[in-house]
Amino acid sequence: FFLRSPAPARMWLRCLAGPLEALRLIWRYGLMGLQRLQKLAKGKAAPDFPRFYEMQSSGKAFCRPEDLLEALHPGMPQLASQSAEGWLVEQGIPERLIHELATGGMRCNYGGQ
């Protein structure tokens with residue numbers, strides 16, 4: 001029994017697969033839409049979960065759901081009052097990207113139909 005290295009053609013295809021998939025995403029959804037979505041996921045609108053978890057471990061409780069949302073992020077109560085799709089459209093995310101990628105990710109993470 002001995003190990004063989006993969007055929008050179010297969011190695012070439014593996015190296016090329018990543019960039020090809022990236023190009024397919026850019027072709028379908030546009031570079032700007034993908035960049036905006038990435039910025040939003042890591043940007044100012046993202047909840048501050050580490051701070052929230054610290055508050056919970058220290059025994060902080062919230063009397064109203066609005067207070068809990070405010071602890072996550074100052075603008076979170078307003079965000080919770082509108083649809084994710086509507087907010088993403090307002091942020092300049094293309095609808096195709098919302099329907100095909102973002103909605104699927106949210107359903108996977110947060111449930112839904």
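Which backbone nitrogen lies 2.9 Å from a polar atom of the side chain of H73? Keep that in mind while you get oriented. This is a predicted model.

**Whole chain**

Show the cartoon first. The protein chain has seven helices and zero strands. From the N terminus on, the order of elements is α-α-α-α-α-α-α. Now colour by burial. Of the 113 residues in the protein chain, 13% are buried. Switch on the surface. Its accessible area comes to about 9,100 Å², and carbon and sulfur atoms hold 61% of that. For contacts, take pairs with a separation of 6 or more: residues 24 or more positions apart account for 52% of them.

**Stop 1: H73**

Select H73, in the loop between α4 (65–72) and α5 (76–80). H73 has a relative accessible area of 18%; the cut-off for buried is under 20%, so H73 counts as buried. Now add G75. Its backbone nitrogen is the one asked about at the start, 2.9 Å from a polar atom of the H73 side chain.

**Stop 2: the salt bridges**

Side chains of opposite charge can pair when their charged atoms come close. The structure holds five salt bridges. Three are worth a visit, including the one between R24 and E21.

- Select R24 and E21. Their closest N and O atoms are 3.2 Å apart. Both residues sit in helix α1, three residues apart, about one turn of the helix. R24 is exposed at 56% relative accessibility, while E21 is partly exposed at 42%.
- Select R28 and E100. This salt bridge spans 2.8 Å, N to O. R28 belongs to helix α1 and E100 to helix α7 (residues 95–110), so the pair ties together parts that are 72 residues apart in sequence. Both count as partly exposed, R28 at 37% and E100 at 36%.
- Keep E100 and add R96. Here the closest N and O atoms are 3.6 Å apart. Both lie in helix α7, four residues apart, about one turn of the helix. R96 is partly exposed at 42%. Shared partners join R28, R96 and E100 into one network.

**Stop 3: the nonpolar patch**

Return to the surface and select L20, L23, I26 and L31. Together they make a nonpolar surface patch of about 340 Å². Helix α1 (residues 8–29) gives the most, with three residues. I26 is found in helix α1 and is partly exposed, at 33% relative accessible area.

**Last stop: cysteines**

Select C63 and C108. C63 is exposed at 78% relative accessibility, and C108 is exposed at 66%. How many disulfides does a search of the whole structure find? Zero.

How values were computed: Residues are numbered from 1 along each chain as its sequence is written. This is a predicted model: local features need pLDDT of at least 70, side-chain atom pairs count only at pLDDT 80 or more; totals for chains, interfaces and linings use all residues. Side-chain values use heavy atoms; hydrogens and water are left out. Patches are made of residues with over 30% relative accessible area and no salt bridge: like charges are joined within 9 Å, nonpolar side chains (Val, Leu, Ile, Met, Phe, Trp, Tyr) within 5 Å. Accessible areas come from the Shrake-Rupley method with a 1.4 Å probe; for residues, only the protein chains shown count as cover. A salt bridge is a side-chain nitrogen of Lys or Arg within 4 Å of a carboxyl oxygen of Asp or Glu. Helices (H or I, at least four residues) and strands (E, at least two) are DSSP runs, numbered from the N terminus. Buried means under 20% relative accessible area, exposed over 50%, partly exposed in between (1.4 Å probe, protein chains only). A disulfide is a pair of cysteine sulfur atoms within 2.5 Å. Contact means heavy atoms within 4.5 Å. A polar contact is a pair of N or O atoms within 3.5 Å; within protein, one must be able to donate a hydrogen and the other to accept it, and residues adjacent in sequence count only if both atoms are side-chain atoms.
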